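Reader: I would like to go through this model and ask, label by label, what each name rests on. Please set the values beside the criteria where a conclusion depends on them.

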Amino acid sequence: MVLSLDTVFAALADPTRRAILSMLLEDDMAVTDVAEPFEISLAAISKHLGLLASAGLISQEKRGRVRWCKLEPDALREASVWMQGFGQFEPVNLDAFERFLAAELVAPEAECD
């Protein structure tokens with residue numbers, strides 16, 4: 001199933017959903033265990049999980065009376081390939097950029113004196 005990059009990135013846009021994905025990197029988890037560290041309702045967690053499942057980032061399976069969540073890492077492949085297209089650019093050296101900005105901000109003040 002090919003999923004829309006927009007759907008994947010929309011799912012990844014929320015910090016709670018990214019935290020859930022990080023938790024699922026370790027192992028499959030029951031929904032109640034996923035909800036435990038968050039200070040939001042189980043219903044809200046279920047909505048987040050539904051969005052992640054719709055984006056194909058996780059799958060859910062009912063085992064007995066417990067619903068389990070599993071990370072689906074292949075769902076990130078298309079997004080990863082798309083992002084790698086931007087790898088052709090040199091990484092930004094933030095230290096050098098900060099020094100440049102500091103020099104530029106000081107220069108106009110010195111000219112005013």
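Reader: Which residues have the most contacts inside the largest nonpolar core, and how many residues does that core have?

Author: The model is predicted, and in it the largest nonpolar core has 23 residues, with Ile20, Leu24, Val34, Leu49, Leu52 and Leu57 having the most contacts inside it. Helices α1 (5-12), α2 (15-26), α3 (31-35) and α4 (42-54), together with strand β3, each supply at least two residues of this core. As general background, nonpolar side chains tend to be buried together in soluble globular proteins.

Reader: What does Leu49 touch, if residues up to four places away in sequence are not counted?

Author: With those residues set aside, Leu49 touches Ile20, Val31, Val34, Ile58, Gln60 and Cys69. A touch of this kind requires heavy atoms within 4.5 Å.

Reader: What is the overall arrangement in which this core is set, read along the sequence?

Author: The protein chain has 6 helices and 3 strands, and along the sequence they follow the pattern α-α-β-α-α-β-β-α-α. Of its 113 residues, 27% count as buried, and among contacts between residues at least 6 apart in sequence, 54% join residues at least 24 apart.

Reader: What makes β2 and β3 a pair of strands, and in which sense do they run, parallel or antiparallel?

Author: At least two bridges are needed for two strands to pair, and strand β2 (residues 58-63) and strand β3 (residues 66-71) have 6 bridges in the antiparallel sense. Two positions illustrate the register: Glu61 stands opposite Trp68 in β3, and the bridge partner of Arg63 in β3 is Val66. The two strands form a hairpin with 2 residues between them, and Gly64 in the turn has a positive phi of about 70 degrees.

Reader: Which strands are called edge strands?

Author: The 3 strands form an open sheet in the order β1-β3-β2, with antiparallel pairing. The edge strands are β1 and β2, because each pairs on one side only.

Reader: Why is the contact between Asp28 and Arg63 called a salt bridge?

Author: The criterion is a side-chain nitrogen of Lys or Arg within 4 Å of a carboxyl oxygen of Asp or Glu, and the side chains of Asp28 and Arg63 meet at 3.3 Å, N to O, so the pair qualifies. Asp28 lies in the loop between α2 and β1 (29-30) and Arg63 in strand β2, so the pair ties together parts that are 35 residues apart in sequence.

Reader: How many salt bridges are counted by this rule, and which residues are linked in a network of them?

Author: The count comes to 3. Glu61 forms a salt bridge with Arg63, the closest N and O atoms being 3.5 Å apart, and Asp28, Glu61 and Arg63 are thereby linked in a network. The side chains of Asp74 and Arg77 also meet in a salt bridge, at 2.9 Å, N to O.

Reader: Are the residues of the network buried, exposed or partly exposed?

Author: Partly exposed covers relative accessible areas between the 20% and 50% limits. Asp28 has 26%, Arg63 has 37% and Glu61 has 44%, so each of these residues counts as partly exposed. By contrast, Asp74 and Arg77 are both exposed.

Reader: What makes Leu101 eligible for a nonpolar surface patch?

Author: Patch residues need over 30% relative accessible area and no salt bridge, and Leu101, whose place is in helix α6 (residues 94-112), is partly exposed at 35%, so the area requirement is met. Phe97, Phe100, Leu101 and Leu105 form the patch, with about 400 Å² of accessible area together. For the protein chain, the accessible surface comes to about 8300 Å², of which 57% belongs to carbon and sulfur atoms.

Reader: Where does Ala75 lie, and what is it in contact with outside its sequence neighbours?

Author: Ala75 lies in the loop between β3 and α5 (77-84). Leaving aside neighbours within four places in sequence, Ala75 is in contact with Val8, Ala55, Gly56 and Leu57. Ala75 and Val8 are 67 residues apart in sequence and 8.1 Å apart in space, C-alpha to C-alpha.

Key. Residues numbered from 1 in each chain as written. Predicted model: local features only at pLDDT ≥ 70, side-chain atom pairs only at ≥ 80, totals over all residues. Heavy atoms only, no water. Helix = DSSP H or I, 4+ residues; strand = E, 2+ residues; numbered from the N terminus. Buried < 20%, exposed > 50% of the residue type's maximum accessible area, 1.4 Å probe, protein only. Areas by Shrake-Rupley, 256 points an atom, 1.4 Å probe, with all protein chains shown as cover. Core = buried A, V, L, I, M, F, W, Y, C linked by side-chain atoms within 4.5 Å. Patch = residues over 30% accessible without salt bridge, like charges linked within 9 Å, V, L, I, M, F, W, Y side chains within 5 Å.
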